[in-house]
Protein chains: 2
Amino acid sequence: MNRGISGANLPALRSHNTALVLGLLRTATVGAGTGISRLELAERTGLTPQAVSKITARLRADGLVDEAGRGAPTGGKPRTLLRLARRARYAAGVHLDRDELTVVLADLAGGVVDARTLPLDLGRPAGEVLEAVAGLVRETVRATPGADGAVLGAGLACPGPLDHAAGVLHRVTGLPGWEGYPLRDALAERLGLPVVLDKDTNAAALAVLPTGEDAAAGAEPGPGAGDSFGYLHLGTGLGAGLVLDGALHRGARTGAGEFGHQAVAPDGPVCACGNRGCLEALCLAAVGRGDTAGAARLLGVGAANLVSLLDIDRVVLGGRTVLADPGLFAREVAAAMDPRTLRAAGRTVPVTVATAGRRVVAEGAALLALAPLFGQTAVGRPPVRVRGRTVTASRGDISG
Amino acid sequence: MNRGISGANLPALRSHNTALVLGLLRTATVGAGTGISRLELAERTGLTPQAVSKITARLRADGLVDEAGRGAPTGGKPRTLLRLARRARYAAGVHLDRDELTVVLADLAGGVVDARTLPLDLGRPAGEVLEAVAGLVRETVRATPGADGAVLGAGLACPGPLDHAAGVLHRVTGLPGWEGYPLRDALAERLGLPVVLDKDTNAAALAVLPTGEDAAAGAEPGPGAGDSFGYLHLGTGLGAGLVLDGALHRGARTGAGEFGHQAVAPDGPVCACGNRGCLEALCLAAVGRGDTAGAARLLGVGAANLVSLLDIDRVVLGGRTVLADPGLFAREVAAAMDPRTLRAAGRTVPVTVATAGRRVVAEGAALLALAPLFGQTAVGRPPVRVRGRTVTASRGDISG
DNA sequence: TGCACTTTGGCAACAGCGTTGCTTAAGTGG
DNA sequence: CCACTTAAGCAACGCTGTTGCCAAAGTGCA
């Protein structure tokens, strides 16, 4: 029942609008982006040009935003383009997998500046693992001139159930030693930086959110809404990261996205979780007997369920098994989905493979640490007049 | 890519906070609620007491809020309790089903003031159906003294695929005449009132959202987050309404909640949608052969999939078939879910049956029309300091 | 009964947000 | 070269929630 504290005051208003502008600047900065003008920022946010001028002036004074040349001629004074000062701040992204450690250093726009990978057995004692992580992060930061004092924080992505809010691991399958370990705070103390802990699949989903370079062909988010998709990760397990209306959906216990343990066959084989007919068990069995196409088609059935339940715009695939034959997976998953989504939802849902490949989780982890800067939540809507008096309006329950 | 316009200005800020206060007043008003004091409003919203005083003063001047006695003695001046002036405004809720029309008139707090039901064949021509709907709404409004000029709008809940944003029906299964019909605008014109169109399952889910009277036992939303649940409706079909973090999840095309067409058996019977193994086909077949408990257990398997994917807090059941034996359904669904959610998510998920019974959809439809008044979206969080300067913060992608 | 104390809640002045009206800057095109 | 167009900053402003203060309205002990 406790809805939390969500009253808004002027500093919150300012933060919200600043984050909104920064978010748009980021999408205009990533990849080969040339920047975005103040007026376009005003159009996209709904703020007045003057308000955008003030906000961008503050950001420029803080060194977070630079001018980047002129826009196309329009018959009058050309628009001045703005973009993020990419190297003004950095964030570290850590992918702590069962047998491997990957660390990336990302700039303000999320671009990877440096990346390092090390073999690492997650079964080793916690102190040892933490020292390896902290060491590789420090090494990566030191290798980039100017990054040393400018790292905003670190994102840490791990497999298995965990609690994002508390920063604590639950049970990493097969590795009982990590149960309940406060990984976030332990790393934060060693690094002297804020750390955000999340599931690997959630991190990967963040990396796939279109920050400019990666919007899937044909995927059109609905009117006024953010992007919605599922990132399906098939590696040593099968999980998903869900982005709904442009925001990661974790669930209250960081339990969302347990895609692999949906039941799709009443009398299927017994899964490692103890139940029958889990999609993960069927899928991995198919992979195990070399039937990659069969695994992909099973994945497609699960993906079709996801589309039916959540009305997402697109599906993105990743994980080692998928990356071993990306074309086949994209093709077979789509083939398995099409008849179901066409008949049930009347549309074809685009299926792609995450372009960042094996580094997608680490890149997403860095975005976890950058996320507080780039908000996207609305404060509300224009006031509504009720019986002649302006009373109120808000996004509330209804969205149209 | 178009994130929509979400910049916030002072009127938006005011609307947001006013809606927040109204929402808390509503939860304190429904049922046997005695009201809520200004100071508690301040604590719950995070606003200062003075800000709450100003907001409630405006609402009292508008006639939307009344004083309602004193709070418990605390050793000083007792708090003055406030509550919604329930009869200050009304909203109509329309449940247009295949064979029946139900209209309720709800007061500001969502309480049902009057309700009427009529047999109505949805296969009749559109004009005839609309006239019946408008007629029953008018009749219901006229029957309540003081309601005539005070109706904020009408919510209209229908079965089958439709577009909430456009207010247009897609194809109502078996009734091709309604395909593409702009039902919302047609009714709005006849009534001279704003109309909101939504799926019956979404409306029912709104009615189940705890506005005070209906919080399921044992359901604890996660820290800082809103309630999350799935409302599963088993009647002539099988569908769901999803509430995630306190907000209805519709999807960009109002397609979310197609719970019945998830595949749970690779070689199952052919469903009406043309695919094999849909949960709806299996479930309805079980009902058809009198195996109600079997249908309930199948429902439980689907519900467990929902919990795995979305990490929801609870499951609520409704629909004619469920209401024919509520106890059995609650028991068997829970029994089928428990082994799956215990092993996969480590918890038991409460299962209840919607208390509003057959009227739940119409009640929820009325809430659709009231929703714009009672927002629950946050503007952001307190500012975050980055390298010594206050830059920004927002809810953004990460929620902890 | 009276008085000290506690707590509520309004009044008034204020800081800071985006907005408005206007001016200046910097181009294009005849 | 000049009229015109468009971009973007300056200054004044309205309105938001906030702060400091004070009156109102209780409780509880002497």
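Two strands pair if DSSP finds at least two bridges between them. The exercises below use this definition and a few others, and the model they treat is a predicted one.

**Exercise 1. The hairpin of S5(A) and S6(A)**

Task: Find how many bridges join strand S5 of chain A to strand S6 of chain A, and find which residue of the hairpin takes a positive phi.

Solution.
- Step 1. Locate the strands: S5 covers residues 100–107 of chain A, and S6 covers residues 112–119 of chain A.
- Step 2. Count the bridges. There are 7 between these strands, which run antiparallel.
- Step 3. Apply the definition. At least two bridges are needed for a pair, so S5(A) and S6(A), with 7, are paired.
- Step 4. Take one bridge as an example: A:Ala106 has A:Val112 of S6(A) as its partner.
- Step 5. Look at the turn. The hairpin has 4 residues between the strands, and A:Gly110 has a positive phi near 90 degrees.

**Exercise 2. The buried face of H2(A)**

Task: State which residues of helix H2 of chain A are buried, and why they line one face of the helix.

Solution.
- Step 1. Helix H2 of chain A spans residues 38–45, and its buried residues are A:Leu41, A:Ala42 and A:Thr45.
- Step 2. Look down the axis of H2(A). The buried residues fall within an arc of 100 degrees, so they line one face of the helix.
- Step 3. Ask what lies over them. The cover includes H1, strand S1 (36–37), H3 and strand S3 (80–84), which belong to chain A.
- Step 4. Go past the end of the helix. A:Gly46 follows H2(A), and its phi is positive, near 85 degrees.

**Exercise 3. A:Glu332, buried or exposed?**

Task: Decide whether A:Glu332 counts as buried or exposed, and list what A:Glu332 is in contact with.

Solution.
- Step 1. Place the residue: A:Glu332 is in helix H10 of chain A, residues 326–345.
- Step 2. Compare with the cut-off. Buried means under 20% relative accessible area. A:Glu332 has 17% relative accessibility, so it counts as buried.
- Step 3. Leave aside neighbours within four places in sequence. A:Glu332 is then in contact with A:Ala293, A:Ala296 and A:Arg297.

**Exercise 4. The surface near DNA strand C**

Task: Describe the residues around DNA strand C by class and give polar contacts to its phosphate and bases.

Solution.
- Step 1. There are 27 residues around DNA strand C, and A:Arg14, A:Thr48, A:Arg70, B:Ser53 and B:Arg79 come nearest. Of the strand's atoms within 4 Å of the protein, 71% belong to sugar and phosphate.
- Step 2. By class, this surface has 8 nonpolar, 12 polar and 7 charged residues.
- Step 3. H3(A) gives the largest share, 4 residues.
- Step 4. At the phosphate, an N or O atom in the side chain of A:Arg70 is 2.5 Å from an oxygen.
- Step 5. At the bases, a polar side-chain atom of B:Gln50 lies 2.9 Å from a nitrogen, and a polar backbone atom of B:Lys77 is 3.3 Å from an oxygen.

**Exercise 5. The surface near DNA strand D**

Task: Find which helix supplies the largest share of the surface near DNA strand D, and give polar contacts to this strand.

Solution.
- Step 1. Of the 27 residues around DNA strand D, A:Ser53, A:Arg79, B:Arg14, B:Thr48 and B:Arg70 come nearest.
- Step 2. The largest share, 4 residues, comes from H3(B).
- Step 3. A phosphate oxygen of DNA strand D is 2.5 Å from a side-chain N or O atom of B:Thr48. For B:Arg70, a polar side-chain atom lies 2.5 Å from a phosphate oxygen.
- Step 4. A polar backbone atom of A:Lys77 is 3.2 Å from a base oxygen of DNA strand D.

Note on methods. Residues numbered from 1 in each chain as written. Chains lettered and ligands numbered in written order. Predicted model: local features only at pLDDT ≥ 70, side-chain atom pairs only at ≥ 80, totals over all residues. Heavy atoms only, no water. Near = heavy atom within 4 Å. Polar contact = N/O pair within 3.5 Å; in protein donor to acceptor, adjacent residues only side chain to side chain. Helix = DSSP H or I, 4+ residues; strand = E, 2+ residues; numbered from the N terminus. Nonpolar A, V, L, I, M, F, W, Y, C, P; charged D, E, K, R; others polar. Buried < 20%, exposed > 50% of the residue type's maximum accessible area, 1.4 Å probe, protein only. Arc of directions from axis to C-beta. Contact = heavy atoms within 4.5 Å.
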